[in-house]
Amino acid sequence: MLTDLERKVLSFVDEDEVVRWTQELVRIPSVYRPEKGEAEEPAARWVEKRLKEIGLETHFEIVVPGRPNVIGILHGAEGGSGKTLMFEGHTDVVTEGDASQWTYPPFSAQIVDGKMYGRGANDMKGGLVAAICAIKALAQSGVKLGGDILLGAVCDEEGHMLGIKHFVEQGWADRVDAAIICEPEENHLCISQKGVMWVRVVATGKMAHGAMPLTGVNSAYPMAALLVRMRELEAEQIRTHGKHEFLGQPSITPTILRSPVHGEPQNNVMPEQTEVILDIRLIPGQSPEEIADRIRAAADEI
Ligand SMILES: [Zn+2]
């Protein structure tokens with residue numbers, strides 16, 4: 001059951017505007033194409049304009065040329081909790097690929113049978129506009145919030161996450177107490193997320209001709225031993241931490257195994273180095289420091 005206050009705020013959501021604004025934003029291509037001088041800035045300017053119209057305090061921060069973050073703040077009532085709830089979104093979209101393969105042009109935001117077609121309509125201009133419209137409804141309703149609402153529309157989510165890293169470096173994250181990530185998750189509400197560690201381990205031996213292995217040190221065997229240990233560590237972590245209600249079990253997955261690390265591989269050359277990348281996914285209760293220590297200890301023992 002909604003309260004009267006919640007009903008009042010919802011009455012300020014203009015559904016046609018949500019759709020119209022999503023179309024407007026999808027029609028601004030924001031694929032990062034430096035060779036063509038294209039990036040997120042026009043989309044970020046559009047977001048900034050909406051936030052200013054709503055009356056938010058706005059910040060436009062250039063992360064790298066052409067790639068800004070936009071931050072908007074709806075201030076809570078004086079003497080409130082001082083807490084901040086964040087809505088997070090990104091302005092970039094992945095490439096449309098071969099535009100001729102699209103049934104509807106990728107940046108047309110055409111609506112057919114009640115569905116909008118366009119690159120970024122789902123991931124995640126629709127979500128970003130929903131957040132803007134939610135804040136607008138809160139602002140227009142005049143409801144007095146106990147804390148601040150902060151909207152962060154960051155760049156480069158699809159690449160190296162430069163936008164959110166900059167957001168953190170600038171200290172914005174320090175004041176955020178909780179966040180709603182407006183990414184599409186097939187209409188599921190996700191209340192937890194796995195952590196990630198990417199670990200690179202390099203075994204260094206001594207290069208030798210394959211016909212004379214005793215003149216060198218093969219880097220493949222210690223790596224093989226390490227991989228066996230990683231599998232044991234994974235099994236132990238699963239035993240200790242079990243299955244999380246929503247996230248399932250933790251994992252340690254070798255994803256890239258490369259030898260030699262540099263130069264041409266050859267049938268008759270024993271490589272000097274072998275490397276592995278471990279993609280480690282964590283669930284609550286696990287300690288990344290402990291896992292890093294265990295990997296270091298295993299490598300030292302081998
Ligand atoms: Zn996304």
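Four donors around a metal count as tetrahedral if all angles lie between 85 and 135 degrees, and as square planar if opposite donors are over 155 degrees apart and all others between 65 and 115; anything else is irregular. In this predicted model, the four donor atoms around the zinc ion subtend angles of 58 to 136 degrees, so their arrangement is irregular. The points below cover the zinc site, strand β6 and helix α6.

**Zinc site**

- The zinc ion has its protein donors in H90 (NE2), D123 (OD) and E183, which appears with OE twice.
- These donors lie 1.9 to 2.3 Å from the ion.
- Along the sequence, the spacing of the donor residues is H-x32-D-x59-E.
- Distant parts of the chain are linked by the pair H90 and D123, which are 33 residues apart; H90 belongs to strand β3, and D123 to helix α4 (residues 121-141).
- H90 counts as buried because its relative accessibility is 0%.
- D123 has a relative accessibility of 27% and therefore counts as partly exposed.
- For comparison with the angles at this site, the ideal angle for four tetrahedral donors is 109.5 degrees.

**Strand β6 and its neighbours**

- Strand β6 spans residues 148-154, and seven of its seven residues are buried.
- Both of its faces are covered: one side holds D148, L150, G152 and V154, and the other holds I149, L151 and A153.
- Strand β3 (residues 84-90) runs parallel to β6 and is joined to it by seven bridges.
- Within this pairing, I149 of β6 stands opposite L85.
- Strand β2 (residues 67-74) pairs with β6 in the antiparallel sense, over five bridges.
- V70 has A153 of β6 as its bridge partner.

**Helix α6**

- Helix α6 comprises 22 residues, 220-241, and reaches 31 Å from its first C-alpha to its last. That is close to the 32 Å expected at 1.5 Å a residue.
- Buried residues in α6 are M223, L226, M230, L233, E234 and Q237. They lie on the same side of α6 because they cover an arc of only 105 degrees around the axis.
- Y221, R231 and R239 are exposed on the other side of α6.
- The cover over the buried residues of α6 includes strands β8 (195-204), β10 (251-258) and β12 (273-282), along with helix α7 (288-301).
- G242, just after α6, takes a positive phi of about 65 degrees.

Technical notes:
Residues are numbered from 1 along each chain as its sequence is written. This is a predicted model: local features need pLDDT of at least 70, side-chain atom pairs count only at pLDDT 80 or more; totals for chains, interfaces and linings use all residues. Side-chain values use heavy atoms; hydrogens and water are left out. Buried means under 20% relative accessible area, exposed over 50%, partly exposed in between (1.4 Å probe, protein chains only). Helices (H or I, at least four residues) and strands (E, at least two) are DSSP runs, numbered from the N terminus. Two strands pair if DSSP finds at least two bridges between them. The expected span of a helix is 1.5 Å times one less than its number of residues. The arc is that of the directions from the helix axis to the C-beta atoms. Contact means heavy atoms within 4.5 Å. Donors are N, O and S atoms within 2.8 Å of the metal (3.2 Å for Na, K and Ca); water is not among the atoms, so sites may look incomplete. Four donors count as tetrahedral if all angles lie between 85 and 135 degrees; four count as square planar and six as octahedral if opposite donors are over 155 degrees apart and all others between 65 and 115; anything else is irregular.
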